[in-house]
Amino acid sequence: MQRSTATFDLQQQLRRFKAEVFQALAHPTRIHVVEALAVGTRSVSDLAHEVGVEQANLSQHLAVLRSKGIVVSRKEGNQVHYSLRDPLLAEVLASMKQVFQNHLEESLEMLRTMESEA
């Protein structure tokens, strides 16, 4: 009985962890930041330029990602550089791109079918 309770607790902790990561990624700007960091470490100014937001706004998004352990930072002189804590997260986003493409293809096929029936 205790083993199943411990397993249940671990499963609950894992689900909570996943939910927190997805909550942190629940903004297009933060996803853009993660995608930019997937290719390597970036300074805040480089990220702001690439993502197309003001540094103050970017700092707020980076704080969310940092608080959930998605990104890590290091200071070099007067610049702060960010990188992904775990590069595997880039693969998760790549998988989501494939899910999107699959849904899009299904929708296009449905439209083609509807057009041919009309």
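## Arg112 and helix α5

Arg112 has a relative accessibility of 47% and counts as partly exposed, because the buried class ends at 20% and the exposed class begins over 50%. The model is a predicted one. In this model Arg112 forms a salt bridge with Glu109, and the closest N and O atoms of the pair are 3.3 Å apart. Glu109 is also partly exposed, at a relative accessible area of 43%.

Both Arg112 and Glu109 belong to helix α5, which covers residues 88-117. Three residues separate them in sequence, or about one turn of the helix.

## The other salt bridges

How many salt bridges does the structure hold? There are three. Side chains of opposite charge can pair when their charged atoms come close. One of the three salt bridges joins the side chains of Arg74 and Glu76, with an N to O distance of 2.6 Å. Arg74 is partly exposed at 41% relative accessibility, and Glu76 is partly exposed with a relative accessible area of 46%.

Another salt bridge pairs the side chains of Arg42 and Glu50, at 3.0 Å from N to O. Is Arg42 buried or exposed? Arg42 has 18% relative accessibility and therefore counts as buried, the limit for that class being under 20%. Glu50, the partner of Arg42 in this salt bridge, has a relative accessible area of 35% and is partly exposed.

## Overall fold and extent

The protein chain contains five helices and three strands. In sequence order they give the pattern α-α-β-α-α-β-β-α. The radius of gyration of the protein chain is 19 Å, whereas the globule rule gives 13 Å for 118 residues; the chain is therefore more spread out than a compact globule. The C-alpha trace spans about 65 × 55 × 20 Å along its principal axes.

Of the 118 residues in the protein chain, 24% are buried. Taking contacts between residues at least 6 apart in sequence, 49% join residues at least 24 apart.

## Three buried residues

Val34 lies in helix α2, residues 28-37. Its relative accessibility is 0%, so Val34 counts as buried. Beyond the residues up to four places away in sequence, Val34 touches Leu25, Leu65, Ile70, Leu84, Leu89 and Leu93. Val34 and Lys97 are 63 residues apart in sequence, and their C-alpha atoms are 14 Å apart in space.

Tyr82 is part of strand β3, residues 79-84, and is buried at 6% relative accessibility. Which residues does Tyr82 contact, leaving aside its neighbours within four places in sequence? The contacts are Leu37, Thr41, Arg42, Val44, Leu47, Leu62, Arg66, Val71, Val72 and Ser73. Among them is Arg42, the buried arginine that forms a salt bridge with Glu50. Val44 is also on the list; its C-alpha atom is separated by 7.2 Å from that of Tyr82, and the two residues are 38 residues apart along the chain. His61 sits in helix α4, residues 55-67, and has a relative accessible area of 8%, which means that His61 is buried. Not counting residues up to four places away in sequence, His61 touches His27, Thr29 and Arg30.

## The largest pocket

Rolling a probe the size of a water molecule over the atoms shows where empty space is left. The largest pocket holds about 310 Å³ of space. Its lining consists of Phe17, Lys18, Val21, Phe22, Lys68, Gly69, Ile70, Arg85, Asp86, Leu88, Leu89 and Val92. By class, the lining residues are seven nonpolar, one polar and four charged.

Which helix gives the most to this lining? Helix α1 does, with four residues. α1, residues 2-24, and α5 each supply at least two residues of the lining. The lining includes Ile70 and Leu89, and both of these residues also touch Val34. Helix α5 thus contributes to the pocket lining and carries the salt bridge between Arg112 and Glu109 within its length.

Note on methods:
Residues are numbered from 1 along each chain as its sequence is written. This is a predicted model: local features need pLDDT of at least 70, side-chain atom pairs count only at pLDDT 80 or more; totals for chains, interfaces and linings use all residues. Side-chain values use heavy atoms; hydrogens and water are left out. A salt bridge is a side-chain nitrogen of Lys or Arg within 4 Å of a carboxyl oxygen of Asp or Glu. Buried means under 20% relative accessible area, exposed over 50%, partly exposed in between (1.4 Å probe, protein chains only). On a 1 Å grid over the protein atoms alone, a cavity is a set of points where a 1.4 Å probe fits but cannot get out, and a pocket is an open set with protein on both sides within 12 Å along at least five of seven lines; lining residues have an atom within 4 Å of a point. Grid points are joined across faces, edges and corners, and a volume is the space filled by probe spheres set on the points. Ala, Val, Leu, Ile, Met, Phe, Trp, Tyr, Cys and Pro count as nonpolar, Asp, Glu, Lys and Arg as charged, and the others, Gly among them, as polar. Contact means heavy atoms within 4.5 Å. The radius of gyration is taken over C-alpha atoms; the globule rule is 2.2 Å times the number of residues to the power 0.38.
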